[in-house]
Amino acid sequence: MLKPIPYKELEDILHAGIVRLNREREAKGIQDIWKEITYKEADSSVVQQTQKYIAEHLTEELSREELAKMVYVSPDHLTKLFKKETGLPLNEYIISKRILLAKQLLSETDLTIVEITEKAGFSYSSYFVKIFKKKTGMTPQQYRDENRKH
């Protein structure tokens, strides 16, 4: 711009600048929204992959470190994502799935409590009984007696 400049020309230049700034802001806003959506989808995908892996390996020992490795995130990040997406801490989710499996085995099979302990992915019968009672309000045997399928 050279001085002096006619007022109308100055006004046009300023208007063009404002329009350009607004377009850049809009583009940045759209980019930010897109990034946020992408991150949310990625987070959801990580949790879904973790849930699938847990379902397929429920009877095995599962550690947060191992699960995090499977989905290429840190254990702390996985724990935070999992709680945010499911509302449950990772270890509680695993226990709830194992208890669900144990309930099914108790009501549909004649397996012993020790066998069910192993098939449901628990290491020790005493721990299984303690957790089962805490989660259901009854011992595995009481649950079996009340829910036996004839």
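Which residues form one aromatic cluster? In this predicted model, the cluster consists of F122, Y127, F128, F132 and Y143. The legends below begin with the whole chain and then turn to individual sites.

**Figure 1. Overall view of the protein chain, a predicted model with seven helices and zero strands.** Along the sequence, the order of elements is α-α-α-α-α-α-α. The radius of gyration of the protein chain is 28 Å, whereas a compact globule of 150 residues would have a value near 15 Å. Along the principal axes, the C-alpha atoms occupy a box of roughly 95 × 30 × 20 Å. Buried residues make up 26% of the 150 residues in the protein chain. Among contacts with a separation of 6 or more, 53% join residues 24 or more positions apart.

**Figure 2. Surface and charges of the protein chain.** The accessible surface amounts to about 10,900 Å², and carbon and sulfur atoms contribute 56% of this area. The protein chain carries 25 positive and 23 negative charges, and the mean positions of these two sets lie 3 Å apart.

**Figure 3. Close-up of the aromatic cluster formed by F122, Y127, F128, F132 and Y143.** The structure contains five aromatic pairs. One of these is the tilted pair of F122 and F128, with a centre-to-centre distance of 5.2 Å and an angle of 50° between the planes. F122 and F128 are both buried. The pair of F132 and Y143 is edge-to-face, because its planes stand at 80°, with the ring centres 5.6 Å apart. This pair links distant parts of the chain: F132 belongs to helix 6 (residues 125-136) and Y143 to helix 7 (residues 140-147), with their positions 11 residues apart in sequence. Y143 has a relative accessibility of 14% and therefore counts as buried.

**Figure 4. Close-up of the surroundings of F132 in helix 6.** F132 has a relative accessible area of 0% and is therefore buried. Apart from neighbours within four places in sequence, F132 contacts I99, A102, K103, L106, G137, M138, T139, P140 and Y143. The C-alpha atoms of F132 and L100 are 9.7 Å apart in space, although the two residues are 32 residues apart in sequence.

**Figure 5. Close-up of the surroundings of T50 in helix 1 (residues 7-56).** The relative accessibility of T50 is 1%, so this residue counts as buried. When residues up to four places away in sequence are set aside, T50 touches L67, V71, L78, F82 and L90.

**Figure 6. Close-up of the surroundings of L81 in helix 3 (residues 75-86).** L81 counts as buried because its relative accessibility is 4%, below the cut-off of 20%. Beyond residues up to four places away in sequence, L81 touches D43, V46 and V47. L81 and Q141, which are 60 residues apart in sequence, have their C-alpha atoms 36 Å apart in space.

Terms used: Residues numbered from 1 in each chain as written. Predicted model: local features only at pLDDT ≥ 70, side-chain atom pairs only at ≥ 80, totals over all residues. Heavy atoms only, no water. Helix = DSSP H or I, 4+ residues; strand = E, 2+ residues; numbered from the N terminus. Rg over C-alpha atoms; globule rule 2.2 N^0.38 Å. Buried < 20%, exposed > 50% of the residue type's maximum accessible area, 1.4 Å probe, protein only. Contact = heavy atoms within 4.5 Å. Areas by Shrake-Rupley, 256 points an atom, 1.4 Å probe, with all protein chains shown as cover. Lys, Arg positive; Asp, Glu negative; His and termini not counted. Charge placed at Lys NZ, Arg CZ, Asp CG, Glu CD. Phe/Tyr/Trp six-rings, centres within 6.5 Å; stacked < 30°, edge-to-face > 60°.
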